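Me: Could we go through this structure together, a piece at a time? I'll ask as I go along.

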Amino acid sequence: MKRFSSLLLVLFFISSCQVRQNEQQAQKSKEFENGAVVTAHPLASEVGNTILKDGGNAIDAAIAVQFALAVVYPNAGNIGGGGFMVYRSHSGEVTSLDFREKAPAKAHRDMYLDSLGEPITTLSLDGHLAAGVPGSVAGMEEAHKKYGSLPWSALLAPAVALAEKGFALTEQQANEFNEMQAHFKKLNKNGAAIIRDAPWKKDDIFVQQQLAGTLKRIATSGSAGFYSGETAALIVAEMKRGNGIISEADLSNYRATWRKPIVGTYKEYNIISMPPPSSGGIALLALLQSVEKYPLKQWGYQSDSTVRVMVEAERRVYADRATHLGDPDFYDVPVAYLTDKALNQARMSKVNLQKATPSDQVKASKFPGYESEETTHFCIVDKEGNAVSLTTTLNGSYGAGVWVDGAGFLLNNEMDDFSVKPGTPNLYGLLGGKANAVEPGKRMLSAMSPTIVEENGKLKMVIGTPGGSTIITSVFQGILNVLEFDMDAQASVSSPRFHHQWKPDRIDIEEGAIPEDVRKSLEKDGYTLYKRGSIGRMENIIVLPNGKLQAGADPRGDDFAAGY
Ligand code: DON
């Protein structure tokens with residue numbers, strides 16, 4: 001199995017999360033008067049909260065959190081990866097920032113195929129060739145230029161201190177670090193801070209001096225401290241050691257891009273989410289539109305009818321995703337058709353809800369004019385009501401598994417999010433074609449769906465999650481949990497999830513996601529159910545009618561809500 005090592009990482013992550021989930025199922029929502037920050041790590045949440053208390057706005061806090069996560073949550077927090085931010089100002093201005101990685105200039109369509117044209121899938125997952133040109137530092141600088149209020153260096157300072165002085169590992173982290181040692185040793189012949197012979201234990205102090213040096217260069221010189229000079233030279237030297245192709249020119253040419261978010265309605269709510277190169281916003285809106293006419297509230301959470309409607313919508317929307325979604329700078333994505341409420345509802349009205357539709361019978365829509373698991377999310381709301389929903393990733397857990405020697409940070413393996421060959425599933429089983437083929441300078445398609453919900457023109461909810469292909473369906477459920485099933489922030493992220501992505505033709509379920517009687521009824525009607533470990537790690541902040549901020553942190557990990 002070529003994907004074995006990467007799958008092992010995902011499976012290990014899933015099983016350790018499951019234990020946490022059971023332990024923490026009873027977690028309660030927290031309420032804050034002024035500001036709230038929910039991230040995957042308590043120290044990163046506290047960093048963001050301190051910035052807010054010191055008078056920083058939500059963007060300042062987001063920048064500080066992004067850099068802090070690169071230190072305290074190395075499996076997904078990053079400066080060597082990329083991500084997306086959806087932003088809503090207190091006055092209702094909405095925008096989104098694309099700091100997704102790009103394919104290097106030397107990348108080409110068949111770069112992951114052998115001489116017979118068959119995929120060598122380890123190449124897009126493990127090691128240097130798996131890495132796209134990182135976007136996170138450029139993204140943070142861009143966000144700061146437009147909206148930041150505190151000095152840039154002040155936002156880097158907490159991350160520098162955490163890297164230089166170290167921080168105490170959580171139990172989950174120590175276990176993960178130990179599990180990954182052989183993989184890391186294989187890919188990092190010159191060593192890395194995480195590599196050591198003695199097993200890591202809870203409360204061991206993890207110091208990252210090389211990373212501290214890189215963060216200091218970024219603190220002093222902004223993105224030039226990463227994309228040029230010493231850091232760039234270290235990245236290029238690392239590429240040479242491992243047959244990677246990221247060049248100095250790739251680094252100096254990288255730019256983050258502001259994009260018009262996907263905005264649409266679900267009943268009286270406005271949904272604001274990430275546009276391409278994420279498929280997240282389009283697919284999420286299409287899912288919500290597809291189920292809008294059905295009486296979900298009346299049918300109830302986890303009821304047979306609710307699950308059928310959601311799954312049949314997911315099957316169809318993911319078929320469209322595989323065909324029509326890619327980087328809009330390279331491929332003309334039919335956004336308007338994919339998010340046309342009337343079309344999505346007309347399609348659903350023809351669905352037989354008494355029997356599963358085999359996925360082989362579901363084809364991507366044909367539109368006029370057309371021929372044809374590791375990431376992390378955080379939510380922040382400041383005292384003025386500015387809101388940030390940000391998902392950032394290295395792709396797989398610990399990305400390509402390669403630390404840039406001398407610079408101390410991990411490279412992503414985001415290239416696997418391209419379709420390496422039509423019909424060959426990626427790490428998350430997702431299919432793709434021409435729209436998402438590898439091309440130099442192109443951004444690989446994503447499922448990341450940082451989302452903001454408005455009610456009557458006011459901020460209602462900030463929500464998002466990691467989880468590869470399951471991101472979109474998890475955010476879909478998180479939103480319905482609140483809007484239809486009256487859950488609070490914590491219940492909306494804690495409650496068990498299910499997922500269908502067209503192919504493979506099965507419903508992936510977390511423990512407890514589908515009641516026994518519903519399972520039997522679904523199986524009788526042709527649905528295949530597949531039990532798996534946990535799905536995603538969702539964060540949510542809801543603005544209550546009294547103006548308080550209700551925060552929910554996913555119990556599947558060390559996730560934590562801070563605020564004041
Ligand atoms: O951009 C994407 O859709 C994927 N690279 C996200 C990967 C992910 O969420 C893994 N997390 N568990």
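Me: To start with a loop, where does proline 504 lie?

Reply: Bearing in mind that this is a predicted model, proline 504 lies in the loop between strand S14 (498-499) and strand S15 (507-509). The peptide bond that leads into it, from lysine 503 to proline 504, is cis, with omega near 0°.

Me: And what about the peptide bond from proline 276 to proline 277, cis or trans?

Reply: The bond from proline 276 to proline 277 is cis, with omega near 15°, and proline 277 is found in the loop that connects S9 with helix H11 (280-291). As background, most peptide bonds are trans.

Me: S9 came up there. Which way do S8 and S9 run, parallel or antiparallel?

Reply: Strand S9 (residues 269-273) and S8 run antiparallel and are joined by 5 bridges. The two strands form a hairpin with 2 residues between them, and within the pairing threonine 265 stands opposite asparagine 270 in S9.

Me: Which residues make up the covered and uncovered faces of S8?

Reply: In strand S8 (residues 262-266), Ile262, Gly264 and Tyr266 belong to the covered face, whereas Val263 and Thr265 belong to the uncovered one.

Me: What is the phi of lysine 267 in the turn?

Reply: Lysine 267 has a positive phi of about 50°, although it is not a glycine. Most residues other than glycine have a negative phi. Lysine 267 is partly exposed, because its relative accessible area is 35%, which falls between the 20% and 50% limits for buried and exposed.

Me: Which residue in strand S11 has a positive phi too?

Reply: That is asparagine 395, which has a positive phi of about 85° without being a glycine, and its place is in strand S11. Asparagine 395 counts as buried because its relative accessible area is 2%, and buried means under 20%.

Me: Staying in that strand, is leucine 390 buried or exposed?

Reply: Leucine 390, which is found in strand S11 (residues 387-395), is buried, with a relative accessible area of 0%. Once its neighbours within four places in sequence are left aside, leucine 390 is in contact with Gln66, Phe84, Met85, Phe99, Met140, Thr376, His377, Phe378 and Pro450.

Me: How many Å separate the C-alpha atoms of leucine 390 and glycine 401?

Reply: Those C-alpha atoms are separated by 23 Å, and the two residues are 11 apart along the chain.

Me: Changing topic, which residues touch the most other members in the largest nonpolar core?

Reply: In that core, which has 86 residues, they are Tyr266, Val291, Ile479, Leu480, Phe498, Ile514 and Ile541. The largest share of this core comes from H13, with 9 residues. Apart from it lies another core, of 83 residues, among them Ala131, Phe167, Trp200 and Ile380. In soluble globular proteins, nonpolar side chains tend to be buried together.

Me: And what is isoleucine 541 in contact with, leaving aside its neighbours within four places in sequence?

Reply: On that basis isoleucine 541 is in contact with Ala36, Val37, Val38, Cys379, Ile380, Val381, Lys460, Met461, Val462, Leu549, Gln550 and Ala551.

Me: Now the empty space: how much of it lies in the largest cavity?

Reply: The largest cavity holds about 190 Å³ of space. Of the 24 residues that line it, Arg321, Asp417, Asn426, Leu430 and Leu445 are the closest to its centre. By class, its lining divides into 9 nonpolar, 11 polar and 4 charged residues.

Me: What is the lining of the second largest cavity like by class?

Reply: The lining of the second largest cavity divides into 8 nonpolar, 4 polar and no charged residues, and the space in it is about 90 Å³. Its lining includes Tyr301, Met310, Leu480, Phe485 and Phe498, and helix H13 (304-324) and helix H16 (471-483) each supply at least two of the lining residues.

Me: Last one: which strand gives the most to the lining of the second largest pocket?

Reply: S13 gives the most, with 3 residues, and strand S13 (458-464) and strand S17 (539-543) each supply at least two. The second largest pocket has about 230 Å³ of space, and among the residues lining it are Glu455, Lys458, Met487, Ile542 and Gly547. By class, that lining has 6 nonpolar, 3 polar and 3 charged residues.

Definitions and conventions:
Residues numbered from 1 in each chain as written. Predicted model: local features only at pLDDT ≥ 70, side-chain atom pairs only at ≥ 80, totals over all residues. Heavy atoms only, no water. 1 Å grid on protein atoms, 1.4 Å probe; cavity = no way out; pocket = protein on both sides within 12 Å on 5 of 7 lines; lining within 4 Å. Points joined across faces, edges and corners; volume = space filled by probe spheres on them. Nonpolar A, V, L, I, M, F, W, Y, C, P; charged D, E, K, R; others polar. Helix = DSSP H or I, 4+ residues; strand = E, 2+ residues; numbered from the N terminus. Buried < 20%, exposed > 50% of the residue type's maximum accessible area, 1.4 Å probe, protein only. Pairing = 2+ DSSP bridges. Core = buried A, V, L, I, M, F, W, Y, C linked by side-chain atoms within 4.5 Å. Contact = heavy atoms within 4.5 Å.
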